Amino acid sequence: MRGFDPIETASRDELTALQTERMRWSLRHAYAHVPFYRRSFDAAGVHPDDFSDLADLARFPFTTKQDLREAFPFGMFAVPREQVRRIHVSSGTTGAATLVGYTAEDLRMWAEVMARSIHAAGGRPRMMVHNAYGYGLFTGGLGMHDGAERLGCAVVPVSGGMTQRQAQLIIDLRPDLLMATPSYALAIMDELRARGLGPGDISLRLGLFGAEPWTEGMRAELEQGFGIDAIDIYGLSEVIGPGVSVECIETKDGLHVWEDHFFPEIVDPDTGKVLPAGEVGELVFTSLTKHAMPVIRYRTRDLSRLLPGTARTMRRMEKVTGRADDMIVLRGVNVFPSQIEALILAEAHLAPHYLLELRRETRLDSMTVRVEARDGGVHDGGGGLAHRIHATLGINVRVDVVAPGGIERSAGKAKRIVDLREGER
Ligand code: DLL
């Protein structure tokens, strides 16, 4: 299949040559213009001139979220502030704010990789896009918006929230493509269902879902409920926003990384050592073409692995199962919310709306899975799920099945973990 840009199917050699040349530029650009990189390269005893091929990247130091926090607001800029055309800020659920900036050229590149992403997902010019990602400081809304316009789509910039209005707009305007976090897409689906509308009545053909982890079970739920192809899209503000990688509709076998702009590595989260292809570890990205805020070996905390290309030349990253930060350690067992989600979705009487509550009781941690019953379904009080969780993950949990609508919906990224252990330590 032809991509949006010929580079998507260029030969591996051509891609490597381009990456090498761009990597050299990016290392030099960062070193020359950002005092932080000059300090960190110097401290590690490396200089951009030490780079001759892509394997040399491993000699350069990592950049972390903490580094970005300390540079707040403009310390990571590699261009004069006056050349910056856009700023996004993430409040960070756990800490101080981080900020990212874009020059006009960076915004063009972002729209380009987003247009490619929508195209790879099956989107085409003249389609109508219902964009329910949040507009504003979050990169989701505007990032998707610019890409959809670049591709030649008509965008309805709904943003998140006002779920009834979203449903009405989908009914009235008959869009082809829905863009939302998977959890918020479910909330929209519930609203359409409440109006008696099923997959056959809904105009949507495609959904571009991301910004949070979601499982294959959730994909089936979204595909059947809307009557669409549900495609995974990944990205993070520090690297660009949405559009770092995306699944191709023809294969849905992991997310092709737009490697001509974002160079991926997988490292051991503890030692930082680069892991061989195919092994699971922490994703690390280096920007190859960003002007305002280059990132060198940025540690995402996201866990995945790299696989060879299929529908495109570019390598794939496996669907992100979780962030290192979201890993729950329950009595010595490591669990990600996505593992619980997969088991919830395997139970026909449970809806995929859930929360994991962590408590500390008599110095031992305990977890309650609060999950909604499906409308009209007969449930067993949650005993079946508790049993499956124990059998599959080896942990004892309490399951609390609540009435449909009993779990609060979020208009953006869903909060899956409520940690009530703080202060009880
Ligand atoms: O969430 C950018 C984005 C917007 C991606 C819309 C896709 C769609 P941040 O707010 O900086 O940026 O959050 C980035 O979200 O490190 C992952 O932990 C998580 N994440 C993003 N996409 C996915 C995905 C946007 N497809 C953080 N699967 C990342 C799993 C994802 N996690």
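1. Around the ligand of this predicted model there are 20 residues, a residue being counted as near if one of its heavy atoms lies within 4 Å, and among these Asp232, Ile233, Ser237, Asp302 and Lys413 come nearest. Residues are numbered from 1 along each chain as its sequence is written, and side-chain values use heavy atoms, without hydrogens or water. Local features need pLDDT of at least 70 and side-chain atom pairs count only at pLDDT 80 or more, whereas totals for chains, interfaces and linings use all residues.

2. Several polar contacts (pairs of N or O atoms within 3.5 Å) reach the ligand: a polar side-chain atom of Ser237 lies 2.6 Å from a ligand oxygen, and a side-chain N or O atom of Lys413 is 2.8 Å from an oxygen of the ligand. The backbone contributes through Ala211, with an N or O atom 3.0 Å from a ligand nitrogen. Taken alone the ligand exposes 610 Å², of which the protein buries 93% (accessible areas by the Shrake-Rupley method with a 1.4 Å probe).

3. Two or more residues of the shell come from each of α5 (139-151) and β7 (229-236), and β7 gives the most, with five residues; helices here are DSSP runs of H or I with at least four residues, and strands are runs of E with at least two, numbered from the N terminus.

4. For the chain as a whole, the secondary structure comes to ten helices and 21 strands. Buried residues, meaning those under 20% relative accessible area (1.4 Å probe, protein chains only), make up 54% of the 425 residues.

Technical notes: A polar contact is a pair of N or O atoms within 3.5 Å; within protein, one must be able to donate a hydrogen and the other to accept it, and residues adjacent in sequence count only if both atoms are side-chain atoms. Buried means under 20% relative accessible area, exposed over 50%, partly exposed in between (1.4 Å probe, protein chains only).
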